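Welcome! Have the sequence and the 3D view open as you read, and let us walk through some salt bridges together.

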Amino acid sequence: MRVIFVLAVGVVFAACSSSSPSASDAGTDAATDAAQLDAAGDDDATDGGADVPFPNAPTGAGTGTTYYVSPSGDDTHDGKSPATAWKTVDKVNASSFGGGDSVLFEGGQSFTGCVKLGANVASTATKAFTLGAYGTGKFTLTANCSGSLAAAITVSGVSGVYVQDATIVGNAGGAEFGVWLTNQTQTMVDGLVVRRCDISGFYTTENNFGGEIFLTSDSGIGIQNVGILDNELHGASASSLDDNGVAGYGNSENIKNVYYERNSVHDIGGKPNGPNGSEGNGIVVNGVDGAVVQYNVMHDLGGNVNTCGGNSGVLVYSANDVTVQFNEAYASRPLTYTAGCDWDGFDLDGYVTNSVMQYNYSHDNYGAGFLFFGYGTWGPNTIRYNISEHDALLGTTATGSISISGGPSPMITNVYNNTVYDNTPDGTQSPALAFVNGVPTGGVIANNILYSTAHFFSQSWVLWTNATNPSGVTLVNNDYAGDQNVVIEWNGTRYTDLASWQTASGEDPKALSVDPQLTAPGTAGTCNGYSSTCAAGAYSLKTGSPMLGHGIDLTAAPYSLDVGKQNFFGKPIGGSAGYDIGAF
């Protein structure tokens, strides 16, 4: 068997509703929006006890005047009823709106243009503006604008805006963004929501990058309280040039309190030779302080990427206090491998602090299932209660199912109670846990099941290649398991069994090398979103498993960690039965 501890080179870059509100209820469901936005908020039954932030929803939508737009309308009408509807996007852009107003396009109908909401909208977070649909179904908007920063829908410098119930279609790279939420003013923008939209076909052929939804505040005061909910963000196929599902950037983490929930992001191919790390991603959290990324599904990403750093299902960069939980990421991979790196499931990248990845399921990715890239000010960050199946298909000692890379700055890394099942094909060098290009300076790696069936020369685990002994990090109570004997490579020396490595290095004195007795490892496949029952069929522990009750208590000294309240499967942690090893 082969389980490898090395570290992949990290990146160095800087389910839609089928119906729409009727004319009578457009925007008036604002009273329930706060409950929707904080649906998983601080409810310990659903967030594992994590202290996750959630945004305040805009309020007051639908309380003002409603304007209607229909292909059978006329721009000389007043627009205030379906019978007197406007006809074009140009009329909308030339009109002014107050707080509580709504502009509703006829559902099931198609329109061409690029909507601009900015100085013409006087909404606030307590009296929001709605851009949506009336009648039956979503309306379709096909972009016809082009050039730098062109978007099918632009929301610029205005608070309290809902964009909802639209199918938004790109125009062959003319418009870079589907929906662009931005603030370049010196007043805080508060309360923006994009929900129940189907957005596809947005990218740029220039040497920059776009996305289906783009969130920026690079020169303004900032944006706060943002919800990106229940959208389908996609290309036409895995080879589509679409740059990103959700992306963007802030200025010194001035985008605050963002919720990315229940989105389906797929077939985001990116473009070859694009900007490093900016192509082919599912969800990018960049320049954000306070975010929750949960209940999303990301798949078939990065098909055209050939640069390094590369793409991820969820990529967090230059951000603080981000919780990534209850997501599934799979099939992040090149269509044809020529060059490049990453293609990860989940990545806490450079300049990320006080963040956690938990209760996520990663599988069948070309790169790491879970990547820590500790560059710049980084940590403390945590990976816990996650499952990785059949990741690291690139098959090199620099890419592990869990990969950890240190940069020039200190990094505090906690990796505990994860389950890795690495069943890459024979002949690959795929590791279950990899450390490369530097090491963490503190933290604990404990209670993990690291199982591999892959072969590299002979049966082999490789641990901490090209690095010195990380004296600041504690390795304790991990299970290094596989279908053959364990071989550990440490500081350039290869040990042919666990005991000889423990004696020589003094590391992980309580480590195990036994069959964890997982129920049916390697068989979870695609779960179509977080599902404790789907994963339980493969990764729960059999009665009598040596992992049950044999984990160490990380809440006690010298670790003193807050380990949350549940495992991947929603079961309480600790108690009279003690602590377990792995995500169960």
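Which residue forms a salt bridge with K271? In this predicted model, the partner is D243, and the closest N and O atoms are 3.3 Å apart. K271 sits in the loop between β21 and β22 (281-286), while D243 sits in the loop between β18 and β19 (244-250), so the pair ties together parts that are 28 residues apart in sequence. Both K271 and D243 are buried.

A search of the whole structure gives 6 salt bridges. Here are three of them, including the pair just described:

| Salt bridge | N to O distance |
|---|---|
| K271 and D243 | 3.3 Å |
| R262 and D230 | 2.7 Å |
| R262 and E261 | 1.8 Å |

R262 appears with D230 and with E261, and D230, E261 and R262 are linked in a network of salt bridges. How exposed are its members? R262 counts as partly exposed because its relative accessibility is 23%. D230 is buried, with a relative accessible area of 12%, and E261 is buried at 2% relative accessibility.

For the wider setting, the protein has 5 helices and 45 strands. Buried residues make up 63% of its 584 residues. The protein exposes about 18300 Å², of which carbon and sulfur atoms supply 50%.

There is also a pocket to look at: the second largest has a volume of about 210 Å³. Its lining has 17 residues, and the closest to the pocket centre are I573, G574, Y579, D580 and F584. By class, that lining holds 9 nonpolar, 6 polar and 2 charged residues.

How values were computed. Residues numbered from 1 in each chain as written. Predicted model: local features only at pLDDT ≥ 70, side-chain atom pairs only at ≥ 80, totals over all residues. Heavy atoms only, no water. 1 Å grid on protein atoms, 1.4 Å probe; cavity = no way out; pocket = protein on both sides within 12 Å on 5 of 7 lines; lining within 4 Å. Points joined across faces, edges and corners; volume = space filled by probe spheres on them. Nonpolar A, V, L, I, M, F, W, Y, C, P; charged D, E, K, R; others polar. Helix = DSSP H or I, 4+ residues; strand = E, 2+ residues; numbered from the N terminus. Buried < 20%, exposed > 50% of the residue type's maximum accessible area, 1.4 Å probe, protein only. Areas by Shrake-Rupley, 256 points an atom, 1.4 Å probe, with all protein chains shown as cover. Salt bridge = Lys/Arg side-chain N within 4 Å of Asp/Glu carboxyl O.
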